[in-house]
Amino acid sequence: MSIRSEVITQINRVASEQDKRLAPLSDSLALLDSGLDSLCLAIVVARLEDELGIDPFSTAEEAGPPVTLGEFIRLYEDAAK
Amino acid sequence: MPPSDRASLWNALSAANNLSGRFFAGAHGTVRLSGIFKGSCLGGRTEELSGRSVLIVTTDPLAAAMAAIELDGIARRLVLYPAELALEHVPYVMASVPTDAIVSDRSALGVEHPAVGPYVRCGASFVPGSFVRRAQQPTEWILLTSGTTGRPKMVVHTLASLTGAITADNTPASRVVWSTFYDIRRYGGLQIFLRAILTRASLVLTNTTEPTAQFLMRAGAYGVTHISGTPSHWRRALMSPYARKIQPQYVRLSGEIADQGILDHLRALYPGAKVAHAFASTEAGVALDVGDGLAGFPATLIDKRSGDVEMKVEGGSLRIRSPRTAARYIGPNAPEIADADGFVDTGDMLELRGGRYYFVGRRDGVINVGGQKVHPEEVEGVINRHPHVRMSLVRPRRNPLTGALVVADVVLENGADAANGRAAKLEDEILQLCRGVLPRYKVPASIHFVNELAVAATGKIVRRDA
């Protein structure tokens with residue numbers, strides 16, 4: 001599975017577990033407008049660490065946190081390189 | 001400001017010679033402070049609440065703020081009910097703290113509670129009228145904080161202990177507008193509310209349902225100059241495209257460990273701002289203010305009296321003695337807050353590295369999820385209700401967004417169940433059980449089935465992360 005699809009899968013899974021309605025996902029969507037609150041996003045990040053074995057937030061401290069879904073996905077893609 | 005101006009919030013506002021231009025803004029409306037001389041947010045019923053022990057439980061934090069301003073010095077006691085505490089705890093709070101009046105912006109609390117004297121409606125707007133208010137007594141302020149069982153602990157403060165860290169000589173050279181991500185009914189938020197009143201500033205409040213983007217836009221529109229929140233509040237704000245809508249001069253972090261990453265990100269985003277982090281707890285009060293832009297704090301602050309705060313490290317945890325500590329807990333079987341020497345053990349563990357102390361977690365295993373405390377025992381108690389669970393261990397998992405998440409290790413009655421394909425179903429059942437009774441941040445983000453958990457000679461589960 002590609003990193004992009006893994007990210008989308010986990011976002012959908014956490015949204016359904018947490019009873020959140022997701023906005024239509026696109027790269028330009030701001031994460032905070034996605035329908036996921038910070039607790040949901042925290043869980044997504046933990047699940048992605050389990051699935052992909054990477055936590056780009058702890059390794060890429062220099063960059064600011066991602067604002068859009070596209071930036072979020074790119075953070076994982078770059079970390080996996 | 002002479003000390004008498006701090007006899008009550010009302011005294012402080014009366015002594016400020018000019019209230020025009022000062023405002024308190026909430027998510028649903030704005031109150032001009034000059035209105036307090038011409039009206040009442042309690043419908044003019046302040047007199048009825050004189051000398052009473054008043055539970056303030058509102059949906060709108062601004063309504064609670066205005067009620068507190070009118071009642072401080074008038075009521076015998078103010079009990080501040082925080083936004084995120086479920087109303088089902090109201091009867092317990094009222095039984096623990098004798099209460100003889102309720103102030104609320106709801107027509108009814110919607111929960112069975114003991115009969116009280118007056119039930120007074122409040123709101124974030126003034127009923128016109130001329131009402132005499134004179135501070136009659138120092139009011140006790142009761143703050144609710146999380147306890148091991150899920151029931152709140154009640155902590156007694158006075159206006160003097162709450163405002164000890166607020167220096168009076170910083171009469172602002174220019175207009176100051178404070179804001180906070182916190183609920184003002186929690187210690188961290190209450191500090192900002194009181195600071196705004198005593199330092200002649202304005203205040204922008206948010207509530208639990210307001211989206212971050214909307215709050216940041218409002219804060220920007222009001223020209224917020226000073227703003228506080230937990231590191232998790234700030235990490236969320238930094239993920240918003242609207243973080244640039246505010247141009248603060250002063251950014252404050254508290255309530256969680258501030259790591260170097262979040263301090264650096266804030267300094268990069270707000271180059272003109274002073275970024276400071278503070279250590280405070282409901283029981284110990286404000287103890288530390290660190291303004292050098294680095295995580296942790298200089299070891300020289302320990303064992304040295306700075307102002308009226310003394311700090312020491314004993315058994316690895318930070319102990320504080322100061323006039324800002326709470327007076328006591330209130331309620332059945334309430335333990336002492338301070339030891340015989342007057343030191344409060346914060347339970348926050350410190351590690352000394354290169355001349356600085358760093359916070360490394362809690363001795364009692366309390367997990368801090370985005371500034372909200374989770375007692376593992378409470379969550380374990382819920383998990384253990386499942387008929388197939390023998391025992392469980394709830395522990396923190398580090399998280400870059402909320403500092404930590406809650407995860408659980410579970411031993412099943414029949415170990416084979418986990419292996420024979422029933423794991424997913426059992427995990428689901430346990431999570432449903434938790435979601436039914438616990439706030440979301442206390443529900444484990446994941447459950448791991450394990451064959452055994454280490455039990456110490458004392459019969460207690462070994463908490464390795466503690």
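## The eight-strand sheet

In what order do the 8 strands of the open sheet in chain B run? Reading across this predicted model, you go β2-β1-β12-β11-β13-β14-β15-β16, and the pairing is mixed. The edge positions belong to β2 (29-32) and β16 (285-290) of chain B. Each of these two has a single partner strand, so one side of each is left without a neighbour in the sheet. Step from one strand to the next and the twist averages 20 degrees.

For a look inside this sheet, try β11 (residues 177-180) and β13 (residues 226-229) of chain B, which run parallel and are joined by 3 bridges. If you want a spot to click on, S179(B) sits opposite I227(B) in β13(B).

## The seven-strand sheet

Chain B also has an open sheet of 7 strands, again with mixed pairing, in the order β7-β6-β4-β5-β9-β10-β20. Here the edges are taken by β7 (119-121) and β20 (328-330) of chain B. Both have just a single partner strand, so one side of each goes without a neighbour in the sheet. The twist in this sheet averages 30 degrees from one strand to the next.

What does the edge strand β20(B) pair with? Its partner is β10 (residues 152-158) of chain B, in the antiparallel sense and over 3 bridges. Within that pair, V156(B) faces R328(B) of β20(B).

## A helix that meets both sheets

Helix α2 (residues 61-71) of chain B packs on the seven-strand sheet, where it touches β4 (53-56), β5 (77-80) and β6 (101-104) of chain B. Its direction makes about 165 degrees with that of β4(B). Follow α2(B) further and you will find that it also lies across β1 (23-26) and β2 of chain B, two strands of the eight-strand sheet. Relative to β1(B), α2(B) runs at about 150 degrees.

## A run of antiparallel strands

Further along chain B, β19 (residues 317-321) and β21 (residues 344-353) pair in the antiparallel sense over 3 bridges. S317(B) is opposite M349(B) in β21(B).

β21(B) also pairs with β22 (residues 356-362) of chain B; these two run antiparallel and are joined by 6 bridges. One of the matched positions puts L352(B) with Y357(B) as its bridge partner in β22(B). The β21(B) and β22(B) hairpin has 2 residues between the strands, and in this hairpin G354(B) takes a positive phi near 55 degrees.

## Two helix pairs, two crossings

In chain A, look at α1 (residues 3-17) and α2 (residues 38-52): their axes come within 9 Å and cross at roughly 135 degrees. That angle makes α1(A) oblique to α2(A), and the crossing is right-handed. On the α1(A) side, the residues that meet α2(A) include I3(A), V7(A), I11(A) and V14(A). Those on the α2(A) side include I43(A), V44(A), L48(A) and L52(A). Sorted by class, this helix contact has 10 nonpolar, 1 polar and 3 charged residues.

Over in chain B, the axes of α7(B) and α8(B) come within 11 Å and cross at roughly 45 degrees. This pair also counts as oblique, but α7(B) passes α8(B) in a left-handed crossing. P231(B), W234(B), R235(B) and L238(B) of α7(B) meet I262(B), H265(B), L266(B) and L269(B) of α8(B). By class that comes to 6 nonpolar, 1 polar and 1 charged residues.

## Where the chains touch

How many residues does each chain bring to the contact? Chain B brings 22 residues and chain A brings 18 residues. On the chain B side, the elements giving two or more residues are α6 (212-221), α7 (231-238), α8 (260-269) and β25 (389-399). α7(B) supplies the largest share of that side, 4 residues. So the helix pair α7(B) and α8(B), with its oblique packing, also turns up at the chain A contact. In class terms, the chain B side divides into 10 nonpolar, 8 polar and 4 charged residues.

## Chain B overall

Stepping back, chain B contains 10 helices and 27 strands. Along its principal axes, the C-alpha trace spans about 75 × 55 × 50 Å. A compact globule of 466 residues would have a radius of gyration near 23 Å, and chain B agrees with that because its own value is 23 Å.

Note on methods: Residues are numbered from 1 along each chain as its sequence is written. Chains are lettered from A and ligands numbered from 1 in the order in which they are written. This is a predicted model: local features need pLDDT of at least 70, side-chain atom pairs count only at pLDDT 80 or more; totals for chains, interfaces and linings use all residues. Two strands pair if DSSP finds at least two bridges between them. Axes are lines fitted to C-alpha atoms, for helices over the stretch in contact, and angles run from 0 to 180 degrees between N-to-C directions. Two residues are in contact if their C-beta atoms, placed from the backbone, lie within 7 Å. Angles under 35 degrees count as roughly parallel, over 145 as roughly antiparallel, 65 to 115 as roughly perpendicular and the rest as oblique. A crossing is left-handed if the near helix is turned anticlockwise from the far one by less than a right angle, and right-handed if clockwise. Ala, Val, Leu, Ile, Met, Phe, Trp, Tyr, Cys and Pro count as nonpolar, Asp, Glu, Lys and Arg as charged, and the others, Gly among them, as polar. The radius of gyration is taken over C-alpha atoms; the globule rule is 2.2 Å times the number of residues to the power 0.38.
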